[in-house]
Amino acid sequence: MEISEENKKKGFEAENKFREWLEKHNIPYLYLQQDTQTISFAFKKYFSGKRPDFLILIPNLGFIFVDVKYKKISLDYKTYPIDSEEIKKYSSLQRKFNLNIWYVLSNEDFDYRTWLWIPISKVFESGRPIFTSSKSNMNFYAVSPQEFVQIADDDSLDRLLSKFFIEETRMDN
């Protein structure tokens with residue numbers, strides 16, 4: 001399905017606001033150009049060219065890939081819809097190359113001052129079964145807001161690390 005010009009603009013705005021947040025907190029990153037000339041034929045063939053927007057470098061830990069999304073909560077279901085086909089592509093990419101890929105969501109309702117983070121693997125684990133949108137006829141996972149790590153404009157990656165990595169290990173014990 002083709003993305004509308006309005007949705008492309010909203011997605012681009014979300015990416016720019018996220019880049020501003022990264023700069024504000026002095027977080028090292030690489031922006032991954034999304035044109036088709038910046039990836040190999042093999043990548044296009046195996047993964048349909050789907051790739052995240054940012055590579056965030058975390059000192060002494062490594063890196064994570066981030067796909068920034070302009071998303072609003074579904075008022076009917078009180079969940080965030082995540083495209084199931086995109087998740088399958090990212091999951092394949094993540095498994096094949098042992099990568100960490102995350103979604104980061106925001107929108108103008110948050111004034112792009114709140115970012116909702118979730119690893120793609122958690123979408124599979126915690127997202128409600130796939131549903132089909134009556135508007136687009138696309139399949140989505142419905143993910144509850146409680147499944148995301150919320151990071152405010154004044155927070156840094158420390159919050160993500162403590163909320164997700166440290167608290168997750170406490171829950172496993």
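**Entry 1: strand β3**

How many of the nine residues of β3 are buried? I looked this up before anything else, keeping in mind that I have a predicted model here. Seven of them are buried, so β3 is largely enclosed by the rest of the structure.

Next I checked what β3 pairs with. β2, residues 54–58, runs antiparallel to β3, residues 62–70, and five bridges join the two. I looked up two of the residue matches: Phe 54 is opposite Val 66, and Leu 55 has Phe 65 as its bridge partner. Three residues lie between the strands of this hairpin, and Asn 60 has a positive phi there, near 65°.

β3 also pairs with β5, this time in parallel, through six bridges. Tyr 70 has Ser 106 in β5 as its bridge partner.

**Entry 2: the sheet around β3**

I then traced the whole sheet. It is open, has six strands in the order β1-β2-β3-β5-β6-β9, and its pairing is mixed. Which strands stand at the edges? They are β1 (29–31) and β9 (149–152); each has a single partner strand, so one side of each lacks a neighbour in the sheet. From one strand to the next, the twist averages 30°.

I picked Leu 116 for a look at β6, the strand of residues 114–119 that holds it. Leu 116 has 5% relative accessibility, so I put it down as buried. Its C-alpha is 5.6 Å from that of Val 149, although 33 residues separate the two in sequence.

**Entry 3: a second pairing, β4 with β8**

β4 and β8 make an antiparallel pair with four bridges. In that pair, Ile 82 has Tyr 141 in β8 as its bridge partner. Are the faces of β4 (residues 80–83) covered or uncovered? Both are covered: Tyr 80 and Ile 82 are buried on one side, and Pro 81 and Asp 83 are buried on the other.

**Entry 4: helix α3**

Asp 83 came up again when I moved on to the helix. At the start of α3, one of its side-chain oxygens comes within 2.8 Å of the backbone nitrogen of Glu 85. I checked the length too: α3 has 14 residues and spans 20 Å from first C-alpha to last, close to the 20 Å expected at 1.5 Å a residue. After α3 comes Asn 98, with a positive phi near 55°.

Which residues of α3 are buried? I noted Ser 84, Glu 86, Ile 87, Tyr 90, Ser 91, Leu 93 and Gln 94. A reminder to myself: an α-helix has 3.6 residues a turn, so residues three or four places apart point the same way.

**Entry 5: aromatic rings**

The structure has 13 aromatic pairs. I went through two of them, writing down for each the distance of the centres and the angle of the planes.

Tyr 90 and Tyr 103 have ring centres 5.9 Å apart and planes at 70°; that angle is over 60, so the pair is edge-to-face. The two rings come from distant parts of the chain, with Tyr 90 in helix α3 (residues 84–97) and Tyr 103 in strand β5 (residues 101–106), 13 residues apart. Buried or exposed? Tyr 90 is buried at 1% relative accessibility, and Tyr 103 is buried at 0%.

For Phe 124 and Tyr 141, I found ring centres 5.5 Å apart and planes at 85°, so this pair is edge-to-face as well. Again the pair links distant parts of the chain: Phe 124 is in helix α4 (residues 120–126) and Tyr 141 in strand β8 (residues 139–143), 17 residues apart. Phe 124 is partly exposed, at 33% relative accessibility, whereas Tyr 141 is buried, at 11%.

Last, I looked up the aromatic cluster. Phe 18, Trp 21, Tyr 29, Tyr 31, Phe 54, Trp 102, Tyr 112, Trp 115 and Trp 117 form it. Phe 54 is the residue I had already met opposite Val 66 in β3. Which residue lies over the face of Tyr 31? I found Arg 19 there, 4.3 Å from the ring centre.

Conventions: Residues numbered from 1 in each chain as written. Predicted model: local features only at pLDDT ≥ 70, side-chain atom pairs only at ≥ 80, totals over all residues. Heavy atoms only, no water. Phe/Tyr/Trp six-rings, centres within 6.5 Å; stacked < 30°, edge-to-face > 60°. Buried < 20%, exposed > 50% of the residue type's maximum accessible area, 1.4 Å probe, protein only. Lys NZ or Arg CZ within 6 Å of the ring centre and 35° of its normal. Expected span 1.5 Å × (residues − 1). Polar contact = N/O pair within 3.5 Å; in protein donor to acceptor, adjacent residues only side chain to side chain. Pairing = 2+ DSSP bridges. Axes fitted to C-alpha atoms, helices over the stretch in contact; angles between N-to-C directions.
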